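Here are my comments on the model you sent round. They cover the RNA-facing surface first, then one helix pair.

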Amino acid sequence: MATVDPGLLEDLQSRGLVSQTSGGDALNDYLAGGSRTLYSGFDPTADSLHIGHLVPLLALKRFQRAGHKPIALVGGATGLVGDPSFKAQERKLNTPDIVSGWADKLKGQVSRFVDFDCGETSAEVVNNLDWVGQMSVLDFLRDVGKHFAVNNMISKESVRQRIEREGEGISFTEFTYMLLQSLDFAELYHRYDCTLQIGGSDQWGNITGGIDLTRRLHGGQVYGLTLPLVTKADGTKFGKTESGTVWLDPAKTSPYAFYQFWLGTADADVYKFLRYFTFLSLEEIERIEGEDRERQGRPQAQSVLAREMTRLIHGDGGLVAAERITEALFSHDLSSLGGEDLEQLKLDGLPFSVLERASLGGEPLTQLLVDAGMAGSGKQVKDALGREAVVINGVARGADDNLRVSECFAAEAALFGRFFICRLGKKKYHLFEVR
RNA sequence: GCAGGGGUUCCCGAGUGGCCAAAGGGAUCAGACUGUAAAUCUGACGCGCAAGCUUCGGAGGUUCGAAUCCUCCCCCCUGCACCA
């Protein structure tokens with residue numbers, strides 16, 4: 001019999017990770033009273049999870065560590081329908097084969113977070129398509145739909161703006177989403193004795209729907225807990241960078257870029273994020289915060305956060321690579337890099353491209369850097385050039401250099417005869433190899 | 001189907017014949033200041049190094065000139081009707 005940590009809920013609360021719970025104090029007693037099975041769902045809306053999924057994903061792990069059994073549900077079925085919760089507009093449907101491909105990928109990613117080999121509390125990964133896929137419409141309408149009151153559904157906060165807002169609407173399909181998710185909970189209760197669902201706070205309506213349905217269908221008492229939506233102090237959206245979403249898939253967001261993302265966390269957010277995302281103890285986090293307050297200048301918290309997160313998602317190897325690149329670039333000391341190091345940076349995921357010496361000069365620097373992905377348009381490069389914010393192998397380039405590409409990449413200026421490290425602005429780096 | 005209201009550059013949202021590549025805000029990028037932070041200030045922000053080119057749901061038309069006017073079409077919203 002696994003022993004459970006009775007302080008789990010309290011720890012979650014102290015970390016600010018509890019947004020809402022059902023059942024009041026009963027949940028705490030229930031969790032402390034024995035090993036329970038819980039689940040959280042992840043819909044395949046892309047071919048990878050992103051950092052917005054981390055809070056619930058890590059919460060599953062927290063529960064498992066505390067002696068409970070986690071189930072990660074991949075929404076092969078729900079992903080075909082689309083969750084309307086707090087979404088401003090109706091979403092476009094993806095084809096079944098795309099969704100099922102994405103579902104497979106998510107399964108792999110989700111699996112890395114929880115332990116599948118720890119006896120009674122071993123994790124499970126399930127796909128709701130397995131029970132929804134074969135269900136007939138009539139069964140669904142009679143067995144599930146009958147338990148939901150439209151009046152009640154319409155009054156949910158999560159769909160309110162879709163119903164009230166001028167210029168938008170909600171299709172029956174999306175409106176039905178809540179029923180599907182509710183069915184998942186009832187089904188997992190039935191199959192695995194799963195009695196707790198966790199999810200982002202935007203999932204509250206869907207979770208309570210599942211609690212009600214489970215009671216009606218199986219007479220079971222189940223619980224819900226929601227986690228906060230991650231917000232930033234400056235009000236901008238969490239998890240986005242200039243180049244878009246921060247993904248967990250290293251092929252989509254390199255460990256280096258991932259590390260840099262966390263390193264750039266604002267002071268106003270960083271201690272909260274340490275509590276949200278890391279497994280460091282609260283005492284440890286308070287210690288870090290205290291030390292940072294004492295010292296002048298740059299806090300250590302961002303580095304700790306970046307290290308912890310990169311190791312968690314990309315392992316020690318990913319962390320080493322990320323730190324290697326960071327050290328090499330931000331020390332602004334290119335001379336410390338050997339030829340081997342530069343080759344390694346390519347492998348480590350520093351943005352890299354090859355240029356042919358023969359074709360240098362065929363296009364302006366603006367075009368070249370845009371092609372390399374360093375800027376979205378030539379205008380941005382031009383702006384940077386005008387401020388001497390483009391630096392190639394330590395030499396700042398200006399507007400006059402735009403058409404002098406072969407000078408910028410002159411053979412005698414190359415590192416080890418072929419490498420050029422180009423910096424645009426303060427943080428964007430690209431490695432060119434001229435052949 | 002009928003009636004009414006809409007579709008503007010990433011988002012919100014002005015613009016109703018030339019002064020419009022299109023106000024304003026947000027987001028984003030760059031610079032200064034810093035700590036690869038925040039706040040603040042400055043610049044950029046359809047594409048193009050440039051000459052210039054392409055936009056305001058789509059296709060035509062009127063006009064010297066259209067995001068703005070006309071015709072047809074597509075899509076969204078609201079209400080009504082139909083659902084023998």
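**Notes on the RNA contacts and a helix pair**

1. Start with Lys-426. An N or O atom of the Lys-426 side chain sits 2.6 Å from a base oxygen of RNA strand B. Bear in mind that this is a predicted model.

2. Two other lysines also reach the strand. Lys-382 places a polar side-chain atom 3.0 Å from a phosphate oxygen of RNA strand B. For Lys-379, the partner is a base nitrogen of RNA strand B, and the separation is 3.5 Å.

3. The wider surroundings come next. There are 32 residues around RNA strand B, and those that come nearest are Asp-267, Thr-326, Thr-366, Asn-402 and Lys-426. On the RNA side, sugar and phosphate make up 62% of the strand B atoms that come within 4 Å of the protein.

4. Composition of the surface near RNA strand B: 12 residues are charged, 12 are polar and 8 are nonpolar.

5. Which helices each supply at least two residues of that surface? They are α13 (255-263), α16 (301-330) and α19 (378-386). The largest share comes from α19, with 5 residues.

6. Now the packing of α13 against α16. Their axes are 7 Å apart, at an angle of about 95°. Angles of 65 to 115 degrees count as roughly perpendicular, so α13 and α16 fall in that class. Their contact divides into 15 nonpolar, 7 polar and 2 charged residues.

7. For the figure, I would label both topics: the lysine contacts, including that of Lys-426 with a base oxygen of RNA strand B, and the roughly perpendicular pair α13 and α16.

How values were computed
Residues are numbered from 1 along each chain as its sequence is written. Chains are lettered from A and ligands numbered from 1 in the order in which they are written. This is a predicted model: local features need pLDDT of at least 70, side-chain atom pairs count only at pLDDT 80 or more; totals for chains, interfaces and linings use all residues. Side-chain values use heavy atoms; hydrogens and water are left out. A residue is near a molecule or strand if one of its heavy atoms lies within 4 Å of it. A polar contact is a pair of N or O atoms within 3.5 Å; within protein, one must be able to donate a hydrogen and the other to accept it, and residues adjacent in sequence count only if both atoms are side-chain atoms. Helices (H or I, at least four residues) and strands (E, at least two) are DSSP runs, numbered from the N terminus. Ala, Val, Leu, Ile, Met, Phe, Trp, Tyr, Cys and Pro count as nonpolar, Asp, Glu, Lys and Arg as charged, and the others, Gly among them, as polar. Axes are lines fitted to C-alpha atoms, for helices over the stretch in contact, and angles run from 0 to 180 degrees between N-to-C directions. Angles under 35 degrees count as roughly parallel, over 145 as roughly antiparallel, 65 to 115 as roughly perpendicular and the rest as oblique.
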